[in-house]
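Colleague: Could you walk me through this model at the bench, one question at a time?

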Amino acid sequence: MELRLYDTLSREKRTFVPLDPKNVRMYVCGPTVYDFAHIGNARPVIVFDVLFRLLRHLYGEAHVKYVRNITDVDDKINDRAVRDFPGLPLNEAIRKVTEQTGEQFHADVDALGCLRPSVEPRATEHIGEMREIIERLVKGGFAYVAEDHVLFSPQAMNAANSTLPRYGALSKRSLDEMIAGARVDVAPYKRDATDFVLWKPSKPGEPSWPSPAGIKAEGRPGWHVECSAMAWKHLGEHFDIHGGGIDLVFPHHENEVAQTCCAFHRERMANYWMHNGFLQVESEKMSKSLGNFITIHELLADWPGEVLRLNMLKTHYRSPIDWTMKSLEESAKTLDDWYRVAADVAPGEPAASVVEPLIDDLNTPLAIAAMHGLRGGDVGALAGSLRLLGFLSESVAQWEDRKQQASGVDPKEVEGLIAERTAARSRKDFKESDRIRDLLAAMGVAIKDSKDGTTWEFSR
Ligand code: AMP
Ligand code: ZN
């Protein structure tokens with residue numbers, strides 16, 4: 001069985017050949033921890049969790065290393081710290097923000113059925129590696145110091161007569177066009193408009209570290225160099241897969257490649273660049289101003305995490321997702337059915353009809369269709385396939401419990417309403433009995449009358 005992955009750099013699906021099958025290495029850009037993660041942020045986390053699980057299935061659990069960083073130095077974090085903890089010294093306030101947000105992120109993605117990565121490095125713990133990369137870039141003539149900043153020069157990179165990749169190759173942009181289209185208000189310390197920051201001075205009170213390249217004032221790293229440093233430390237100069245959302249291709253990943261390849265004189269940083277498509281909500285771009293900004297945390301109050309996971313995987317990872325209530329309701333029904341049929345049976349090997357689409361560039365919609373096909377037949381294979389995809393982490397009883405908690409419906413209240421409805425029906429007050437049925441439906445409770453009485457279940 002051959003795994004094929006779509007690579008953003010070569011713009012084609014290619015057979016995956018790991019550099020070392022005993023140590024398959026993947027890096028995915030993680031969250032900047034300053035606020036609750038939204039459901040769009042959940043997409044790369046879920047998608048690359050599926051890939052992590054699939055790689056473990058193919059190469060063995062001990063032979064896959066997955067690194068997802070935590071960005072804990074950023075202007076947005078500083079702003080939040082000032083706003084939320086005005087009484088505290090900034091550094092302490094920042095620690096509170098990053099700790100709380102980091103914990104919340106873990107709680108959210110655990111609930112989505114995602115395995116923790118092998119390593120979750122924090123940017124602030126890798127300043128030494130960042131300084132080292134920056135020093136190498138300055139020595140190599142790819143970066144320069146100006147007004148206590150260190151800047152990377154894409155033009156120096158492309159002028160170098162070597163086997164380095166071209167700057168712009170990943171995002172398919174030409175440097176000449178970037179220069180022509182550059183904004184007019186370029187920072188005065190930049191030699192060229194396309195130069196980007198590797199290191200910058202910290203304002204008083206902001207987190208700061210001793211600077212590289214002979215700069216006296218303390219400073220802090222730029223965002224792009226953080227990922228180059230953490231990937232290098234934990235995966236080496238050259239590794240297998242680098243992932244993230246499609247919005248990160250430019251400038252973030254283009255700059256990561258530039259930094260890593262120039263610092264280590266490499267032709268490549270990662271052999272496969274994978275990017276998930278964007279998520280929108282009810283056909284609109286998610287934004288705070290439109291009021292359709294939904295956090296994972298909010299969704300988890302209404303839905304079990306595995307429902308959100310299934311809903312995400314119904315769309316292929318490279319396509320855009322339209323996140324709708326209707327689709328969530330369908331996902332909840334499907335999963336409910338699968339839980340009843342497969343949660344308490346001994347899991348067999350995942351079905352070939354499920355694994356085959358998965359190894360074809362993570363075709364989860366096709367894998368899910370195949371699981372529908374298994375439902376009436378080989379439920380052992382269905383159970384094994386669901387587990388491979390990160391479902392059925394609970395017993396049926398726990399699942400029922402969770403649904404009930406998520407629905408916020410108290411079973412005693414439901415029983416009480418059903419008794420009232422039965423009484424209304426026996427006195428032929430059908431207006432009242434219909435009212436109660438509608439009320440229950442609005443609570444997400446479906447009822448069924450039979451000669452033995454009325455039974456009920458959560459309809460979502
Ligand atoms: P950010 O916190 O914006 O840096 O995003 C963290 C991760 O979530 C990155 O991999 C982004 O590409 C991804 N991401 C952010 N917004 C969305 C969205 N609406 N749909 C899919 N992925 C997203
Ligand atoms: Zn990154």
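Colleague: Let's start with one side chain: is Arg 116 buried, partly exposed or exposed?

Modeller: Happy to help, and please keep in mind that this is a predicted model, where local features need pLDDT of at least 70, side-chain atom pairs count only at pLDDT 80 or more, and totals for chains, interfaces and linings use all residues. Residues are numbered from 1 along each chain as its sequence is written, chains are lettered from A and ligands numbered from 1 in the order in which they are written, and side-chain values use heavy atoms, with hydrogens and water left out. Buried means under 20% relative accessible area, exposed over 50%, and partly exposed in between, with a 1.4 Å probe and protein chains only. Arg 116 has a relative accessible area of 42%, so this residue is partly exposed.

Colleague: Which residue does Arg 116 meet in a salt bridge?

Modeller: A salt bridge here is a side-chain nitrogen of Lys or Arg within 4 Å of a carboxyl oxygen of Asp or Glu. For Arg 116 the N to O distance is 2.8 Å. The partner has 35% relative accessibility and therefore counts as partly exposed. That partner is Asp 110.

Colleague: How many salt bridges are there by this rule?

Modeller: Side chains of opposite charge can pair when their charged atoms come close. Some of the residues join into a network, in which Asp 35, Arg 80, Arg 83 and Asp 84 are linked. By the rule above, the salt bridges come to 31.

Colleague: How many residues apart are Arg 309 and Asp 49?

Modeller: Their side chains meet in a salt bridge, at 2.7 Å from N to O. Arg 309 is buried because its relative accessibility is 0%, and Asp 49 is buried because its relative accessible area is 1%. Helices (H or I, at least four residues) and strands (E, at least two) are DSSP runs, numbered from the N terminus. With Arg 309 in helix H10 (residues 305–313) and Asp 49 in helix H1 (residues 39–59), the pair links distant parts of the chain, 260 residues apart.

Colleague: Why does the pair Glu 129 and Lys 233 tie together parts that are apart in sequence, and how many residues lie between the two positions?

Modeller: The side chains of Glu 129 and Lys 233 meet in a salt bridge of 3.5 Å, N to O. Glu 129 sits in helix H4 (residues 127–139) and Lys 233 in helix H7 (residues 223–235), so the pair ties together parts of the sequence that are apart by 104 residues.

Colleague: Is the site of the zinc ion (ligand 2) tetrahedral or irregular?

Modeller: Donors are N, O and S atoms within 2.8 Å of the metal (3.2 Å for Na, K and Ca), and sites may look incomplete because water is not among the atoms. Cys 29 (SG), Cys 227 (SG), His 252 (NE2) and Glu 256 (OE) coordinate the zinc ion (ligand 2) at 2.0 to 2.7 Å. Four donors count as tetrahedral if all angles lie between 85 and 135 degrees; four count as square planar and six as octahedral if opposite donors are over 155 degrees apart and all others between 65 and 115; anything else is irregular. The angles among the four donor atoms of the zinc ion (ligand 2) are 74 to 130°, and the site is irregular.

Colleague: What spacing do the donors of the zinc ion (ligand 2) follow along the chain?

Modeller: Two of the donor residues, Cys 29 and Glu 256, are both buried. Along the chain, the donors of the zinc ion (ligand 2) follow the spacing C-x197-C-x24-H-x3-E.

Colleague: Which residues does Met 230 touch, leaving out those up to four places away in sequence?

Modeller: Met 230 is found in helix H7 and is buried, because its relative accessible area is 0%. Contact means heavy atoms within 4.5 Å. By that rule Met 230 touches Tyr 27, Asn 69, Pro 121, Arg 122, Ala 123 and His 126.

Colleague: Is the peptide bond from Phe 250 to Pro 251 cis or trans?

Modeller: Most residues other than glycine have a negative phi, and most peptide bonds are trans. Pro 251 lies in helix H8. The bond from Phe 250 to Pro 251 has omega near 0°, and is cis.
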